Amino acid sequence: SYTPVDSGMELEVRVYPLDPYSPIKVDKASVRWVTGRDFGLEFLNLEAGEQAQLQRFIGTLGESPKN
């Protein structure tokens, strides 16, 4: 991230996956670790529809690109 964060901060986050997925809104996430500009989040509040969309997107990450 270009925005500095600290461990323990709580954020509202938008995940912008590639098409055909729309942005995923995470109402509340907590920063769990920070290394330079990289950091890990725990999603604390995520609506059911957003969670389902995130799970579908994550399921595609190991797939080969389609030609």
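Ile 24 makes a good place to enter this predicted model, since, once residues up to four places away in sequence are set aside, Ile 24 touches Val 13, Arg 14, Val 15, Pro 17, Leu 46, Glu 50, Gln 53 and Leu 54. Several of these names return in the largest nonpolar core, which has six residues: Val 13, Ile 24, Val 26, Ala 29, Leu 46 and Leu 54. Strand 2 supplies the largest share of this core, namely three residues. In soluble globular proteins, nonpolar side chains tend to be buried together.

From the core one can turn to the sheet. Three strands form an open sheet in the order 1-2-3, and their pairing is antiparallel. Strand 1 and strand 3 (38-45) stand at the edges with a single partner strand each, so one side of each is left without a neighbour in the sheet. On average, and with direction ignored, neighbouring strands of this sheet are turned by 50° against each other. Strand 1 and strand 2, which run antiparallel, are joined by five bridges, and Arg 14 has Lys 25 in strand 2 as its bridge partner.

Further along strand 2, which covers residues 24-35, lies Ser 30. Is Ser 30 buried or exposed? Ser 30 counts as buried because its relative accessibility is 3%, and buried here means under 20%. Apart from its neighbours within four places in sequence, Ser 30 is in contact with Gly 8, Met 9, Glu 10, Gly 40, Leu 41, Glu 42 and Leu 44.

One of those contacts, Met 9, belongs to the segment before strand 1 (10-15). Met 9 has a relative accessible area of 31% and is therefore partly exposed. Leaving out neighbours within four places in sequence, the contacts of Met 9 are Ala 29, Ser 30 and Val 31. Met 9 and Ala 29 are 20 residues apart in sequence, while their C-alpha atoms are 8.3 Å apart in space.

Pro 20 offers another view of the chain, for this residue lies in the loop between strand 1 and strand 2. With a relative accessibility of 75%, Pro 20 counts as exposed. The C-alpha atoms of Pro 20 and Phe 57 are separated by 9.6 Å, although the two residues are 37 places apart along the chain.

A last point concerns confidence. The average pLDDT of the protein is 89, and 94% of the residues score at least 70. Among the elements of the protein, strand 2 has the highest mean pLDDT, at 96, whereas helix 1 (residues 48-60) has the lowest, at 89.

Note on methods
Residues numbered from 1 in each chain as written. Predicted model: local features only at pLDDT ≥ 70, side-chain atom pairs only at ≥ 80, totals over all residues. Heavy atoms only, no water. Helix = DSSP H or I, 4+ residues; strand = E, 2+ residues; numbered from the N terminus. Buried < 20%, exposed > 50% of the residue type's maximum accessible area, 1.4 Å probe, protein only. Contact = heavy atoms within 4.5 Å. Core = buried A, V, L, I, M, F, W, Y, C linked by side-chain atoms within 4.5 Å. pLDDT = per-residue confidence, 0-100. Pairing = 2+ DSSP bridges. Axes fitted to C-alpha atoms, helices over the stretch in contact; angles between N-to-C directions.
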